[in-house]
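Biologist: I'm new to reading models like this one. Could you take me through some of the terms as we look?

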Amino acid sequence: MISITEWQKIGVGITGFGIFFLLFGILLYFDSVLLAFGNLLFLTGLSFIIGPRRTLSFFFQRHKLKGTSFFLGGVVIVLLRWPLLGMLVETYGFFRLFKGFFPVAFGFLGNVSNIPFLSALFQRLQGTSSMV
């Protein structure tokens with residue numbers, strides 16, 4: 001059993017609120033205040049969960065610098081009250097940052113789902129992406 005510290009529990013809550021505010025900001029036609037608040041909560045919660053040093057080392061790895069610059073640039077653009085453009089740039093950066101994780105997630109979803117169509121779809125998506 002993995003032990004979770006109190007700081008990590010707080011981080012999970014903060015990250016959850018960040019995701020909630022991001023989704024709520026999108027539902028309210030890209031409300032810039034909600035999106036900016038969601039972005040700040042998400043990044044703060046992530047640093048609480050994995051720690052500030054590991055957060056910085058994750059975002060500033062040499063092969064992830066392009067994704068990091070787009071993701072953090074999108075956050076800045078949202079903070080400057082250009083929510084649609086900022087979210088587009090941020091989404092591109094998110095996919096660049098986590099492209100190595102998607103095959104693992106699709107493989108897990110393919111093994112968990114009992115629906116044959118979805119299982120085949122997730123297995124096909126797992127095989128198309130390369131691990132980084």
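Modeller: Happily! Just after α4 comes Arg81, with a positive phi near 70 degrees. Helices such as α4 are DSSP runs (H or I, at least four residues; strands are E, at least two), numbered from the N terminus. This is a predicted model, where local features need pLDDT of at least 70, side-chain atom pairs count only at pLDDT 80 or more, and totals for chains, interfaces and linings use all residues. Residues are numbered from 1 along each chain as its sequence is written, and side-chain values use heavy atoms, leaving out hydrogens and water.

Biologist: How do you know what α4 should span?

Modeller: The expected span is 1.5 Å times one less than the number of residues. With 15 residues (65-79), α4 should span 21 Å, and its end C-alpha atoms are 21 Å apart, so the two agree.

Biologist: Which residues of α4 are called buried?

Modeller: Gly67, Thr68, Phe71, Gly74, Val75 and Val78. Buried means under 20% relative accessible area (exposed is over 50%, partly exposed in between; 1.4 Å probe, protein chains only).

Biologist: Why do you say that the buried residues of α4 line one face?

Modeller: Down the axis of α4, they fall within an arc of 135 degrees, so they line one face. That arc is taken from the directions from the helix axis to the C-beta atoms.

Biologist: What covers the buried residues of α4?

Modeller: The cover includes α2, α3 (52-59) and α5, where contact means heavy atoms within 4.5 Å.
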